[in-house]
Amino acid sequence: MKHVILGICVFVYAVLLDYLKYNYGLNLIGNVLILSVLTGVTYKIIEKIYENRAATPKG
């Protein structure tokens, strides 16, 4: 499930960065760098959420 959420987030990021590329002239290197940073941060956030969910007792 983690990877599905990450895939959806990356798709949204890619669409937003594509908008920036066409309207503000963002180049390919900048696009890839921003996408990789956003993907990494999102993955870490999703990992923390899953760790916290697993650590909380159910009951």
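Good morning. The buried residues of helix α2 are Gly 30, Asn 31, Thr 42 and Ile 46, where buried means under 20% relative accessible area, exposed means over 50%, and partly exposed lies in between, with a 1.4 Å probe and protein chains only. These buried residues of α2 pack against α1.

Before going further, I should say that this is a predicted model, in which local features need pLDDT of at least 70 and side-chain atom pairs count only at pLDDT 80 or more, while totals for chains, interfaces and linings use all residues. Residues are numbered from 1 along each chain as its sequence is written, and side-chain values use heavy atoms, with hydrogens and water left out.

Let me turn to the chain as a whole. It has 2 helices and 0 strands; both kinds of element are DSSP runs, numbered from the N terminus, with helices being H or I of at least four residues and strands being E of at least two. Along its principal axes, the C-alpha trace spans about 55 × 15 × 15 Å. The radius of gyration of the chain is 15 Å, whereas a compact globule of 59 residues would have one near 10 Å. That radius is taken over C-alpha atoms, and the globule rule is 2.2 Å times the number of residues to the power 0.38.

How much of the chain is buried? Buried residues make up 12% of the 59 residues. The chain exposes about 4800 Å², and carbon and sulfur atoms supply 71% of that area. Accessible areas come from the Shrake-Rupley method with a 1.4 Å probe, and for residues only the protein chains shown count as cover.

I now return to helix α2, which covers residues 28-55. This helix has 28 residues and reaches 40 Å from its first C-alpha to its last, close to the 40 Å expected at 1.5 Å a residue. The expected span is 1.5 Å times one less than the number of residues.

Two of the buried positions deserve a closer look. Asn 31 is found in α2, and it counts as buried because its relative accessibility is 14%. Not counting residues up to four places away in sequence, Asn 31 touches Leu 17, Lys 21 and Leu 26; contact here means heavy atoms within 4.5 Å. Thr 42 also lies in helix α2, and its relative accessible area is 7%, so Thr 42 is buried. With the same sequence neighbours set aside, that is, residues up to four places away, Thr 42 touches Leu 6, Cys 9 and Tyr 13.

One of those contacts, Cys 9, has its place in helix α1. Cys 9 counts as partly exposed because its relative accessibility is 23%. Cys 9 and Leu 33 are 24 residues apart in sequence and 16 Å apart in space, C-alpha to C-alpha.

Gly 7 is likewise placed in helix α1, and at 39% relative accessibility it counts as partly exposed. The C-alpha atoms of Gly 7 and Leu 20, 13 residues apart along the chain, are separated by 20 Å.

Next, the charged pairs. Side chains of opposite charge can pair when their charged atoms come close. How many salt bridges does a search of the whole structure find? The search finds 2, a salt bridge being a side-chain nitrogen of Lys or Arg within 4 Å of a carboxyl oxygen of Asp or Glu.

One salt bridge joins Lys 21 to Asp 18, with the closest N and O atoms 3.8 Å apart. Both residues lie in helix α1, 3 residues apart, about one turn of the helix. Lys 21 is partly exposed at 30% relative accessibility, and Asp 18 is partly exposed at 31%. Lys 21 is also among the residues that Asn 31 touches.

In α2, the side chains of Lys 44 and Glu 47 meet in a salt bridge at 3.7 Å, N to O. Lys 44 and Glu 47 are 3 residues apart, about one turn of the helix. Lys 44 counts as exposed, at 52% relative accessibility, whereas Glu 47 is partly exposed, with a relative accessible area of 22%.

Finally, the surface. A nonpolar patch of about 790 Å² is made by Met 1, Val 4, Ile 5, Ile 8, Phe 11, Val 12, Val 15 and Leu 16. Patches are made of residues with over 30% relative accessible area and no salt bridge; like charges are joined within 9 Å, and nonpolar side chains (Val, Leu, Ile, Met, Phe, Trp, Tyr) within 5 Å. One member, Val 12, has its place in helix α1, residues 2-24. Val 12 is partly exposed, with a relative accessible area of 41%.

Thank you for your attention.
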